[in-house]
Amino acid sequence: MTDTDTLNTTDWLPVCPQRELGPDERRIVSGPDCDILVINADGVILAVTNECSHQALPLSEARLDGDVIACPWHNAEFCLRTGEALSAPAYEPIGCHDIRIEGDQIYVSAQPRDEQHS
Ligand code: FES
């Protein structure tokens with residue numbers, strides 16, 4: 001069975017080989033509705049919508065501390081696992097995207113977790 005047999009390419013977007021995403025490294029993937037930020041957080045690959053819920057500015061340069069990112073614009077913090085806003089000035093969550101690894105290839109879901117089945 002090949003990767004294309006198991007993945008619906010409209011739902012899963014290729015990111016990069018896993019070996020190319022070291023600890024604390026990140027990639028931006030163009031999604032159908034917005035860019036997706038994929039981060040290696042202490043060895044765990046996590047992905048969120050690359051848009052802060054405060055003023056919709058990109059999170060790609062966010063400071064990373066474990067599974068928490070701090071927006072580079074006004075320092076709102078978010079949990080990468082749940083998308084929950086952890087500190088002001090953001091109060092709304094950001095979207096979380098599922099990660100799938102096939103062989104050495106990382107894929108990210110095109111839609112945020114809570115919108116996949118709507
Ligand atoms: S845009 Fe992220 S905290 Fe303001």
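I began with Cys34 and asked whether Cys34 is buried or exposed. Cys34 has 14 other C-beta atoms within 10 Å, so Cys34 counts as partly exposed; on the scale I used, 20 or more other C-beta atoms within 10 Å of a residue's own make it buried, 12 or fewer make it exposed, and partly exposed lies in between, with the C-beta atoms placed from the backbone. I am reading a predicted model, in which local features need pLDDT of at least 70 and side-chain atom pairs count only at pLDDT 80 or more, while totals for chains, interfaces and linings use all residues. My residue numbers start from 1 along each chain as its sequence is written.

I placed Cys34 in the loop between β2 (26-30) and β3; strands here are DSSP runs of E with at least two residues, helices are runs of H or I with at least four residues, and both are numbered from the N terminus. Leaving out residues up to four places away in sequence, I found that Cys34 touches Thr49, Asn50 and Glu51, where contact requires C-beta atoms, placed from the backbone, within 7 Å. For Cys34 and Glu51 I noted a separation of 17 residues in sequence and of 8.0 Å in space, C-alpha to C-alpha.

Next I looked at the chain as a whole. The secondary structure comes to 1 helix and 10 strands, and from the N terminus on I read the order as α-β-β-β-β-β-β-β-β-β-β. Of the 118 residues of the protein chain, 27% count as buried. Among contacts between residues at least 6 apart in sequence, I noted that 40% join residues at least 24 apart.

I then turned to the sheet that holds β10. Its 3 strands form an open sheet in the order β1-β10-β9, and the pairing is antiparallel; two strands pair when DSSP finds at least two bridges between them. β1 and β9 are the edge strands, each pairing on one side only, and the twist averages 30° from one strand to the next, taken from axes that are lines fitted to C-alpha atoms (for helices over the stretch in contact), with angles from 0 to 180 degrees between N-to-C directions. I counted 5 bridges between β1 and β10, with Ser109 in β10 as the bridge partner of Trp12. β10 also pairs with β9 (residues 99-102), in the antiparallel sense over 4 bridges, and there Ile101 stands opposite Ile106 in β10. The hairpin of β9 and β10 has 2 residues between the strands, and in this hairpin Gly103 takes a positive phi near 65°.

How much of β10 is covered? I found 4 of its 5 residues buried, so to speak of β10 as mostly covered is fair. Val108 lies in this strand and is buried, with 23 other C-beta atoms within 10 Å. Outside the residues up to four places away in sequence, Val108 touches Leu13, Val15, Val29, Ile36, Val38, Ala47, His97 and Ile99. I also noted Val108 and Cys16, which are 92 residues apart in sequence and 9.9 Å apart in space, C-alpha to C-alpha.

From Val108 I went on to the largest nonpolar core, meaning a set of buried Ala, Val, Leu, Ile, Met, Phe, Trp, Tyr and Cys residues joined through C-beta atoms within 7 Å. Of its 26 residues, Leu37, Val38, Ala47, Val48, Leu59, Phe78 and Val108 touch the most other members. The elements giving two or more residues to this core are β1 (12-17), β3 (35-41), β4 (44-49) and β10 (105-109), and β3 gives the most, with 4 residues. For Ala47, neighbours within four places aside, I listed contacts with Ile36, Leu37, Val38, His97, Ile99 and Val108.

Last, I checked the open sheet of 3 strands in the order β5-β6-β7, which is antiparallel in its pairing. β5 (63-65) and β7 (77-79) stand at the edges with a single partner strand each, so one side of each has no neighbour in the sheet. I noted an average twist of 25° from one strand to the next. Between β6 (residues 68-70) and β7 I counted 3 bridges, and in β7 the bridge partner of Ile69 is Phe78.

Terms used:
Contact = placed C-beta atoms within 7 Å.
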